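Let's take a walk through this one, starting with a helix, moving on to the cavities and ending with the cysteines. Keep the viewer open as you read.

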Amino acid sequence: MPDWSVYTGNSDSEPHDGIDRLPPPPPWRAFDGAPVLPPPGDTDDEGAVSPDRVHRARTYVATPESVQLVNAALVLRRPLLVTGPPGTGKSSLAYAVARELRLGPVLRWNITSRSALADGLYQYDPLSRLYAARQTARTGAAAPGTGAGRGVRGDGVEDHLHLGPLGTALLPYERPRVLLVDEIDKSDLDLPNDLLNVLEEGQYEIPELMRAARHSADGSTAEVLADGTDAPVTVTRGRVRCRAFPFVVLTSNGEREFPPAFLRRCVRLKLRRPDREQLSDIVRAHLDTPAGEAEHLINRFLARAADGELATDQLLNALYLTGVAGLDADSRDALAEQLMPYLSATADGDGF
């Protein structure tokens with residue numbers, strides 16, 4: 001592999017610190033956020049990560065193209081736009097990279113048609129702050145459950161503000177965090193363009209904290225909660241700038257076109273349906289299935305996929321359940337047919 005490659009895509013490899021060998025960023029992608037934050041806990045700390053995500057990270061089977069483009073995105077400090085049909089492992093790629101390179105728990109932002117840039121950066125609840133201030137005025141003590149763990153009164157701006165997954169990923173960590181922006185093609189038309197400046201500059205501002213800093217008598221720093229943790233982080237004068245640009249994975253099912261300006265700033269990876277050899281590797285990574293039985297259902301899966309859209313996890317479901325059920329060949333095939341329905345209704349003749 002080239003000297004600049006740190007991600008191998010080998011599901012058998014142990015997590016390692018290869019990220020520390022990453023070449024310096026291009027001059028136009030160097031960031032200087034301060035102070036440096038320590039890295040989060042490792043993703044192989046299974047007590048802090050859901051078993052499903054740990055399993056996906058350990059069993060992901062990378063293609064040579066995906067390995068090359070992941071390393072390109074890491075070196076160039078650019079987002080990776082991953083496009084492909086459902087079930088091709090788009091989101092699992094983020095967990096696999098985070099595990100192998102010890103980059104901590106993946107920060108996940110699930111996109112809907114209502115998602116806005118502010119949702120990913122931070123959330124501020126002025127009503128809860130007003131309630132806390134009234135409680136303090138009446139009783140002289142903070143309202144229960146308020147405060148960021150600093151012994152504060154609980155009616156400050158920072159006590160009712162927490163960072164979202166994008167805002168957390170851009171904190172000045174010593175090593176990059178992994179941010180998964182899942183199904184960005186579900187967003188409204190403005191979100192990709194709104195992301196441009198934040199991802200290009202690697203920084204953002206929190207106006208509520210900037211205003212509070214101007215009127216603060218005891219300093220210009222605030223401690224706010226970051227996404228996925230109860231530990232507060234320090235924000236100075238309401239400005240956040242990354243130090244290690246996060247590894248950003250944006251997934252898309254290819255259901256829409258993106259603006260050229262957005263595409264120009266991304267490394268683009270298009271995943272395709274796995275072939276027979278890749279399916280065999282995926283099955284071996286996930287299940288201890290007898291070779292003959294796996295081969296039979298893989299053949300059946302490929303034959304059905306020729307007539308409609310199927311996802312790889314449907315094959316895994318069929319292999320697992322038919323193995324657990326201990327069925328004869330005919331019953332196994334009938335159950336597999338039920339577990340591998342086409343993802344498009346029109347393929348079954350049920351379209352409108």
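The expected span of a helix is 1.5 Å times one less than its number of residues. Keep that in mind for helix H2, and remember that you're looking at a predicted model. H2 covers residues 64-76, which makes 13 residues. From its first C-alpha to its last, H2 reaches 18 Å, close to the 18 Å expected.

Now for the surroundings of H2. Which residues of H2 are buried? They are Ser 66, Val 67, Leu 69, Val 70, Asn 71, Ala 72, Ala 73, Leu 74 and Val 75. As a general point, an α-helix has 3.6 residues a turn, so residues three or four places apart point the same way. The buried residues of H2 pack against two strands numbered late in the chain, S10 (247-252) and S11 (267-270), as well as against strand S1 (80-83) and helix H3 (90-100). Just after H2 comes Arg 77, and its phi is positive, near 55°.

Helix H3 turns up again once you look at the empty space inside. The structure has two cavities of 30 Å³ or more, and the largest has a volume of about 80 Å³. H3 gives the most to the lining of this largest cavity, with three residues. The full lining consists of Tyr 7, Gly 9, Asn 10, Ser 11, Ser 13, Ala 57, Tyr 60, Ala 62, Ala 96, Arg 99 and Glu 100. Sorted by type, that's five nonpolar, four polar and two charged residues.

The second largest cavity has a volume of about 40 Å³. Which helix gives the most to its lining? That would be H7 (residues 191-201), with four residues. Around this cavity you'll find Pro 79, Leu 195, Leu 196, Leu 199, Glu 200, Phe 262, Arg 265 and Cys 266. The lining here divides into six nonpolar and two charged residues, with no polar ones.

Cys 266 leads us to the cysteines. In general, a disulfide is a covalent bond between the sulfur atoms of two cysteines. Here, taking a pair of cysteine sulfur atoms within 2.5 Å as the test, the count comes to zero disulfides. What about burial? Cys 266 counts as buried because its relative accessible area is 11%, under the 20% cut-off. Cys 242 is buried too, because its relative accessibility is 0%.

Definitions and conventions
Residues numbered from 1 in each chain as written. Predicted model: local features only at pLDDT ≥ 70, side-chain atom pairs only at ≥ 80, totals over all residues. Heavy atoms only, no water. Buried < 20%, exposed > 50% of the residue type's maximum accessible area, 1.4 Å probe, protein only. Contact = heavy atoms within 4.5 Å. 1 Å grid on protein atoms, 1.4 Å probe; cavity = no way out; pocket = protein on both sides within 12 Å on 5 of 7 lines; lining within 4 Å. Points joined across faces, edges and corners; volume = space filled by probe spheres on them. Nonpolar A, V, L, I, M, F, W, Y, C, P; charged D, E, K, R; others polar.
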